[in-house]
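This report is for a reader meeting the structure for the first time, and it moves from the chain as a whole to a few of its side chains. Please keep the sequence and the model in view while reading.

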Amino acid sequence: PTEPAVQNVKFGFDTLLSSAGNVTSALGEPMNVATAPSCYTNGADSKIYTYDGLIVECYVLDGAETICGVTITNGNYSTDKGIKIGSSKADVEAAYGAGEEIGYYTIYASGDKELDVKYEGDIVTELSFLAAV
């Protein structure tokens, strides 16, 4: 059997601040879509797509949806460097180097974007890509 399409969608720093259309169409029908007025500094509203184990947060400005956050909570999704829920801390460090440890999280910054990796022990339990908006 072939893998579900969702496993073929990889997330990385380049996903952030890109158009949401390609990603959401590749992911298929979300479980939920929420919209709300937002407090983003650019004045945009927010739109949040929820899938099983994945949240894609966008800001909507002049009708265009731009990804500003991605949170992965199950092993169906991975980063563009192959890191997913259940990966070891050694795997993350081999892919991204040493990050800044803050509590249960290790933060990897790239300009105005970051990857937050949450651990339980040395095992990844959550991955969040975030962009300053």
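## Contacts along the chain

Among the contacts in the protein chain whose partners have a separation of 6 or more, 40% are made by residues that stand 24 or more positions apart. The model in which these contacts were counted is a predicted one.

## Fold and overall dimensions

The secondary structure of the protein chain consists of 2 helices and 10 strands, and, read from the N terminus, the elements follow the order β-α-β-β-β-β-β-α-β-β-β-β. The radius of gyration is 15 Å, close to the 14 Å that the globule rule gives for 133 residues, so the protein chain is as compact as a globular protein of that length. Measured out along the principal axes, the C-alpha trace spans about 40 × 40 × 20 Å.

## Surface and interior

Of the 133 residues in the protein chain, 39% are buried. The area that the protein chain exposes comes to about 7100 Å², and carbon and sulfur atoms supply 49% of that area.

## Aromatic rings

A pair of aromatic rings is described by how far apart the centres are and by the angle of the planes. The model has 3 aromatic pairs. One of them is formed by Tyr96 and Tyr108, whose rings are tilted, with 5.6 Å from centre to centre and 40 degrees between the planes. This pair links distant parts of the chain, since Tyr96 belongs to helix α2 (residues 89-96) and Tyr108 to strand β8 (residues 105-110), the two being 12 residues apart. Both Tyr96 and Tyr108 are buried.

Another ring, that of Tyr119, has a charged partner: the charged end of Lys89 sits over the ring of Tyr119, at 5.5 Å from its centre.

## Cysteines

Why do Cys58 and Cys68 form no bond with each other? The sulfur of Cys68 has its closest cysteine sulfur in Cys58, at 6.6 Å, which is too far for a bond, because a disulfide requires the two sulfur atoms to lie within 2.5 Å. The count of disulfides in the model is accordingly 0, and Cys58 is in no disulfide, with the sulfur of Cys68 as its nearest cysteine sulfur.

Are these two cysteines buried or exposed? Cys58 is buried, with a relative accessible area of 0%, and Cys68 is buried as well, with a relative accessible area of 5%; both values fall under the 20% that marks a buried residue.

Definitions and conventions
Residues numbered from 1 in each chain as written. Predicted model: local features only at pLDDT ≥ 70, side-chain atom pairs only at ≥ 80, totals over all residues. Heavy atoms only, no water. Phe/Tyr/Trp six-rings, centres within 6.5 Å; stacked < 30°, edge-to-face > 60°. Helix = DSSP H or I, 4+ residues; strand = E, 2+ residues; numbered from the N terminus. Buried < 20%, exposed > 50% of the residue type's maximum accessible area, 1.4 Å probe, protein only. Lys NZ or Arg CZ within 6 Å of the ring centre and 35° of its normal. Rg over C-alpha atoms; globule rule 2.2 N^0.38 Å. Contact = heavy atoms within 4.5 Å. Areas by Shrake-Rupley, 256 points an atom, 1.4 Å probe, with all protein chains shown as cover.
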